[in-house]
Every structure is written in structure tokens, then in C-alpha cells.
Amino acid sequence: MAIQSVNEKDWKLFRKKLPGWQEDYMENLCKEYAGILSSSKNASEKFWELEKRIKEDKKDVGVSAQMSRSMMLENITALLLEGAITIEDLDGFSEETVETVKRWARIGEK
């Protein structure tokens with residue numbers, strides 16, 4: 001992915017929206033974890049399955065994003081691909097940012 005400059009308005013909007021996006025994403029993860037814990041599997045199976053999931057999930061941008069301006073477009077693309085956000089969540093961002101993210105995520109290709 002080519003580095004693209006990020007305008008100030010988009011950067012401020014990203015910094016404002018990211019905590020809420022992450023909170024919503026982690027809330028959904030917690031619901032999935034509750035499903036693992038309430039399954040009929042043995043306690044040890046549930047424990048190790050949950051441990052594996054948390055280890056994998058904490059690498060997601062939806063859990064821990066690298067907060068830097070140079071990573072903003074990659075972070076938004078990752079959030080989109082992880083299912084943490086939808087393209088509609090990008091309302092308010094510049095057309096250039098939205099189009100770049102769509103292109104990088106290959107959304108809207110025919």
C-alpha cells in the first residue's frame with residue numbers, strides 16, 4: 001500500500017471515532033467469549049479455546065491500533081476487514097480517504 005498523506009480533518013475524526021469503534025468491537029468479542037464459556041465442552045477445552053481466541057484477537061486493530069497518523073488508512077482498512085466497522089462508519093471522512101480504504105479493502109469491485 002502506498003503511503004498517502006492524511007488531512008487534518010480526517011485525522012481528528014479518526015482519533016475521535018477509534019475508541020468507540022474499538023469498544024464496540026471488543027463488546028462483540030466478549031459476547032463470543034461468553035458463548036465459548038457457556039458451551040457444553042469440558043472446562044479445559046473451554047479454557048484453552050478462549051485463551052487461543054484472546055491471544056489471536058488482541059492482535060486485531062479493533063483491539064489495539066497503532067495510533068499514528070501514518071497508519072490511519074491502514075488501520076481503517078484493517079478495521080473494515082476485521083468487521084469492526086462498516087463502510088457507513090466512514091461517513092464524515094473525505095472522499096479521498098473513503099475511496100482509498102475501499103480500494104485497499106477491495107470493496108465495491110465488480
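Where is the place of Asn 75? Asn 75 sits in helix α3, which covers residues 72-82. The model described here is a predicted one.

## Overall layout

The protein chain contains four helices and zero strands. Followed along the sequence, the pattern of the protein chain reads α-α-α-α. The C-alpha trace of the protein chain spans about 50 × 30 × 25 Å along its principal axes.

The protein chain has 110 residues, of which 35% count as buried. Its exposed surface comes to about 7200 Å², and 52% of that is supplied by carbon and sulfur atoms. For contacts in the protein chain between residues at least 6 apart in sequence, 67% join residues at least 24 apart. The protein chain carries 18 positive and 21 negative charges, and the mean positions of the two sets are 2 Å apart.

## Helix α3 and Asn 75

Helix α3 is largely enclosed by the rest of the structure, because eight of its eleven residues are buried. The buried residues of α3 are Met 72, Leu 73, Asn 75, Ile 76, Thr 77, Ala 78, Leu 79 and Leu 80. These buried residues of α3 pack against α1 and α4. Just after α3 comes Gly 83, which takes a positive phi of about 85 degrees.

Asn 75 has a relative accessibility of 3%; the limit for a buried residue is under 20%, so Asn 75 counts as buried. Leaving aside residues up to four places away in sequence, Asn 75 touches Phe 14, Val 61, Ala 65 and Gln 66. One of these, Phe 14, is itself buried and also takes part in an aromatic pair with Trp 11.

## Aromatic pairs

A pair of aromatic rings is described by the distance of the centres and the angle of the planes. The structure holds four aromatic pairs. One of them joins Trp 11 and Phe 14, with 6.1 Å from centre to centre and 25 degrees between the planes, and this pair is stacked. Trp 11 and Phe 14 are three residues apart in helix α1 (residues 8-37), so about one helical turn separates them. Both Trp 11 and Phe 14 are buried.

Another pair is formed by Phe 47 and Trp 48, whose ring centres are 4.7 Å apart. The planes of Phe 47 and Trp 48 stand at 90 degrees, and angles over 60 count as edge-to-face, so this pair is edge-to-face. Trp 48 has a relative accessibility of 53% and therefore counts as exposed. Ring pairs also link Trp 11, Phe 14, Trp 21 and Phe 93 into a cluster.

## Salt bridges

Side chains of opposite charge can pair when their charged atoms come close. How many salt bridges does the structure hold? The structure holds five salt bridges. In one of them, Arg 53 pairs with Glu 32, and the closest N and O atoms are 2.6 Å apart. Arg 53 lies in helix α2 (residues 43-57) and Glu 32 in helix α1, so this salt bridge ties together parts that are 21 residues apart in sequence. Arg 53 counts as partly exposed at 22% relative accessibility, and Glu 32 is partly exposed with a relative accessible area of 41%.

Arg 53 also forms a salt bridge with Asp 57, where the closest N and O atoms are 3.0 Å apart. Asp 57 and Arg 53 are four residues apart in helix α2, so about one helical turn separates them. Asp 57 counts as buried, at 8% relative accessibility. Glu 32, Arg 53 and Asp 57 are thus linked in a network of salt bridges.

## A pair in helix α4

Lys 102 and Glu 99 meet through their side chains in a salt bridge, with 3.8 Å from N to O. Lys 102 and Glu 99 are three residues apart in helix α4 (residues 95-105), so they are separated by about one helical turn. An α-helix has 3.6 residues a turn, so residues three or four places apart point the same way. Lys 102 is partly exposed, with a relative accessible area of 26%. Glu 99 counts as partly exposed too, at 38% relative accessibility.

Key. Residues are numbered from 1 along each chain as its sequence is written. This is a predicted model: local features need pLDDT of at least 70, side-chain atom pairs count only at pLDDT 80 or more; totals for chains, interfaces and linings use all residues. Side-chain values use heavy atoms; hydrogens and water are left out. Rings of Phe, Tyr and Trp (its six-membered ring) pair if their centres lie within 6.5 Å; planes under 30 degrees apart count as stacked, over 60 as edge-to-face and the rest as tilted. Helices (H or I, at least four residues) and strands (E, at least two) are DSSP runs, numbered from the N terminus. Buried means under 20% relative accessible area, exposed over 50%, partly exposed in between (1.4 Å probe, protein chains only). Contact means heavy atoms within 4.5 Å. Accessible areas come from the Shrake-Rupley method with a 1.4 Å probe; for residues, only the protein chains shown count as cover. Lys and Arg count as positive and Asp and Glu as negative; His and the chain ends are not counted. The place of a charge is taken as NZ of Lys, CZ of Arg, CG of Asp or CD of Glu. A salt bridge is a side-chain nitrogen of Lys or Arg within 4 Å of a carboxyl oxygen of Asp or Glu.
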